[in-house]
Amino acid sequence: MASIAAQSGEIPLRLRPGGFEGLAEVVTGQLISKQAAASIFARIKTACHPLTPETFLALLPETRAGLGLTRAKQASLEAIALAILDGRLDLARVADMPSEEAIAALTVHRGIGPWTAEVYLMFSAGHIDIFPAGDLALRAAAAQAFSLGRRPDIDALRTLAEDWRPCRAVAARILWAYYARVMKKDVLPVG
């Protein structure tokens with residue numbers, strides 16, 4: 001990992017807000033380019049100032065539809081906002097949980113899968129021992145950096161990442177930086 005870090009240049013230490021705003025940013029960025037996600041999220045933040053569950057739910061349905069979110073992401077953000085407001089989802093409490101418990105607490109909610117939970121916990125809650133093995137850029141970077149011949153599947157990358165405990169988030173940041181600098185692609189899932 002040290003030689004990969006040396007090739008990667010500066011390792012960005014980017015953090016995003018916690019709470020609904022941070023989770024909304026991660027949901028917005030699911031399966032789309034960084035640039036598209038940033039554009040859509042900027043529209044959301046302009047429409048909801050400040051971005052809270054209340055301000056998001058207060059938007060007229062046609063306004064929400066015009067933000068650029070897919071219907072599934074709109075429905076996910078609505079469900080997350082409602083879960084926060086009715087007490088089923090306490091993001092401050094989740095942030096303080098051990099990582100595996102926090103992932104389990106997040107993934108019971110619509111629109112939050114393992115990747116979303118792991119990225120939120122890394123970038124918004126500061127969890128240091130998280131590794132989003134489902135991230136395509138991490139899988140591609142690991143394949144090239146470790147001369148694997150092909151992208152490892154999620155389980156294989158999770159197994160490889162066990163060697164980086166208790167600082168798997170640092171390894172993920174190194175691999176994202178490697179992907180950006182060596183493979184010439186910018187995918188770090190942060191606005």
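Modeller: A polar contact is a pair of N or O atoms within 3.5 Å; within protein, one must be able to donate a hydrogen and the other to accept it. This is a predicted model. In this model, the side chains of Asp 135 and Trp 115 are joined by such a contact, at 2.9 Å.

Colleague: Where does Asp 135 lie?

Modeller: Asp 135 is in the loop between α9 (114-123) and α10 (136-145).

Colleague: Which residues does Asp 135 touch, not counting residues up to four places away in sequence?

Modeller: Two tryptophans. Asp 135 touches Trp 115 and Trp 176. The Trp 115 side chain is also the one in the 2.9 Å polar contact with Asp 135.

Colleague: Now its charge. Which side chain of opposite charge is nearest to Asp 135, and how far away is it?

Modeller: Start with the cut-off. A salt bridge needs a side-chain nitrogen of Lys or Arg within 4 Å of a carboxyl oxygen of Asp or Glu. For Asp 135 the nearest side chain of opposite charge is Arg 139, 8.5 Å away. Asp 135 has no salt bridge, yet it is buried.

Colleague: On to Ser 99. Is it buried or exposed?

Modeller: Buried means under 20% relative accessible area. Ser 99 has 15% relative accessibility, so it counts as buried. Ser 99 belongs to helix α8, residues 99-107.

Colleague: What is Ser 99 in contact with, leaving aside its neighbours within four places in sequence?

Modeller: Ser 99 has contacts with Leu 121, His 127, Asp 129 and Ile 130. Take Asp 129 as the example. Ser 99 and Asp 129 are 30 residues apart in sequence, while their C-alpha atoms are 7.3 Å apart in space.

Colleague: Next, the rings. How many aromatic pairs does a search of the whole structure find?

Modeller: Four aromatic pairs turn up. One of them is Phe 20 with Phe 56. Read two values for each pair: the distance and the angle. For Phe 20 and Phe 56, the centres are 6.0 Å apart and the planes are at 50°. That makes the pair tilted.

Colleague: Which parts of the chain does that pair link?

Modeller: Distant ones. Phe 20 sits in helix α2 (residues 19-28) and Phe 56 in helix α4 (residues 53-58), 36 residues apart.

Colleague: Are Phe 20 and Phe 56 buried or exposed?

Modeller: Phe 20 has 5% relative accessibility, so it counts as buried. Phe 56 is at 0%, so it counts as buried too. The ring of Phe 56 has a charge over it as well. The charged end of Arg 64 sits there, 5.4 Å from the ring centre.

Colleague: What about Phe 131 and Trp 164?

Modeller: Phe 131 and Trp 164 form a tilted pair, with 5.6 Å from centre to centre and 50° between the planes. The two residues are 33 apart and link distant parts of the chain. Phe 131 lies in the loop between α9 and α10. Trp 164 lies in the loop between α11 (154-161) and α12 (168-181). Phe 131 has a relative accessible area of 2%, so it is buried. Trp 164 is at 14%, so it is buried.

Colleague: Which residues form an aromatic cluster with Phe 131?

Modeller: Phe 146 and Trp 164 join Phe 131 in one aromatic cluster.

Colleague: Let's turn to the backbone. Where do I find a cis peptide bond before Pro 50 and before Pro 166?

Modeller: Check omega. His 49 and Pro 50 are joined by a cis bond, with omega about 0°. Pro 50 is in the loop between α3 (34-47) and α4. The bond from Arg 165 to Pro 166 is also cis, with omega near 0°. Pro 166 falls in the loop between α11 and α12.

Colleague: And phi? What is its value at Leu 31 and at Ser 147?

Modeller: Look for a positive sign in a residue other than glycine. Leu 31 is such a case, with phi of about 60°. Leu 31 is in the loop between α2 and α3. With 87% relative accessibility, Leu 31 counts as exposed. Ser 147 also has a positive phi, near 50°. Ser 147 is in the loop between α10 and α11. With a relative accessible area of 64%, Ser 147 is exposed.

Colleague: Last one. Is Thr 159 buried or exposed?

Modeller: Exposed means over 50%. Thr 159 has a relative accessible area of 55%, so it is exposed. Thr 159 is part of helix α11. Its C-alpha atom is 17 Å from that of Arg 173, and the two residues are 14 apart along the chain.

Methods. Residues are numbered from 1 along each chain as its sequence is written. This is a predicted model: local features need pLDDT of at least 70, side-chain atom pairs count only at pLDDT 80 or more; totals for chains, interfaces and linings use all residues. Side-chain values use heavy atoms; hydrogens and water are left out. Helices (H or I, at least four residues) and strands (E, at least two) are DSSP runs, numbered from the N terminus. Buried means under 20% relative accessible area, exposed over 50%, partly exposed in between (1.4 Å probe, protein chains only). Contact means heavy atoms within 4.5 Å. Lys and Arg count as positive and Asp and Glu as negative; His and the chain ends are not counted. Rings of Phe, Tyr and Trp (its six-membered ring) pair if their centres lie within 6.5 Å; planes under 30 degrees apart count as stacked, over 60 as edge-to-face and the rest as tilted. A charge sits over a ring if NZ of Lys or CZ of Arg is within 6 Å of the ring centre and within 35 degrees of the ring normal.
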